Amino acid sequence: MHMTVQNRSVLYAEAEPVLVPEAVYEADLVNVRRFSNVFGERVGLVFKIASGPHLGIELMEAAALKASPRGKLAELLRGMGGADGSLLTAHELVGRRCRIAVRHEATKAGKTYAAIAQTFK
């Protein structure tokens, strides 16, 4: 009987995560997460893909926690029918179905991730 042994680095290597392909998806806003990082106070909008081969996959897009009418948070919420970019509006939209445009972007460290570029009704 022939047996092969893989070295430890191969056995415990983690597979690269498979990114959701760039496209437009039906999704539900399922959660709003408030957090802080080196960029200050942030809010994460968590969307769950509602149909197709990527059904159930959750993607989060983070934005500055500012009620600026030109900010990323306001833009994402307006695309879903929200009146402004406030945290209260974000919480009111939880459960709302919309379409999300997913685009691949890279961090400063060069790691690619699936970003939510835009929301639509």
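This text walks through three residues of a predicted model: Asp28, Ile100 and Arg42.

Start with Asp28. Asp28 sits in strand E1, which covers residues 23–37. Is Asp28 buried or exposed? Its relative accessible area is 19%. The cut-off for buried is under 20%, so Asp28 counts as buried. Now look at what surrounds this side of the strand. Beyond its neighbours within four places in sequence, Asp28 makes contact with Val46, Phe47, Lys48 and Ala50. Arg96 and Arg97 complete that list.

Move on to Ile100. Ile100 belongs to strand E4, residues 97–106. Its relative accessible area is 0%, so Ile100 is buried. Which residues does Ile100 touch, leaving out those up to four places away in sequence? Ala23, Val24, Tyr25 and Ala27 are among them. So are Phe47 and Leu59. Ile116, Gln118 and Thr119 are also touched. Phe47 thus appears in the contact lists of both Asp28 and Ile100. Sequence separation can be set against distance here. Ile100 and Leu29 lie 71 residues apart in sequence. Their C-alpha atoms are 10.0 Å apart in space.

Finish with Arg42. Arg42 is part of strand E2, which runs over residues 40–49. Arg42 is buried, yet has no salt bridge. How far away is the nearest side chain of opposite charge? That side chain is Glu61, at 6.7 Å. A salt bridge requires the charged atoms to be within 4 Å, so the pair Arg42 and Glu61 does not qualify. Not counting residues up to four places away in sequence, Arg42 touches Arg33, Arg34, Phe35 and Asn37. Arg42 also touches Ala62, Ala63, Ala64 and Leu65.

Notes: Residues numbered from 1 in each chain as written. Predicted model: local features only at pLDDT ≥ 70, side-chain atom pairs only at ≥ 80, totals over all residues. Heavy atoms only, no water. Helix = DSSP H or I, 4+ residues; strand = E, 2+ residues; numbered from the N terminus. Buried < 20%, exposed > 50% of the residue type's maximum accessible area, 1.4 Å probe, protein only. Lys, Arg positive; Asp, Glu negative; His and termini not counted. Contact = heavy atoms within 4.5 Å.
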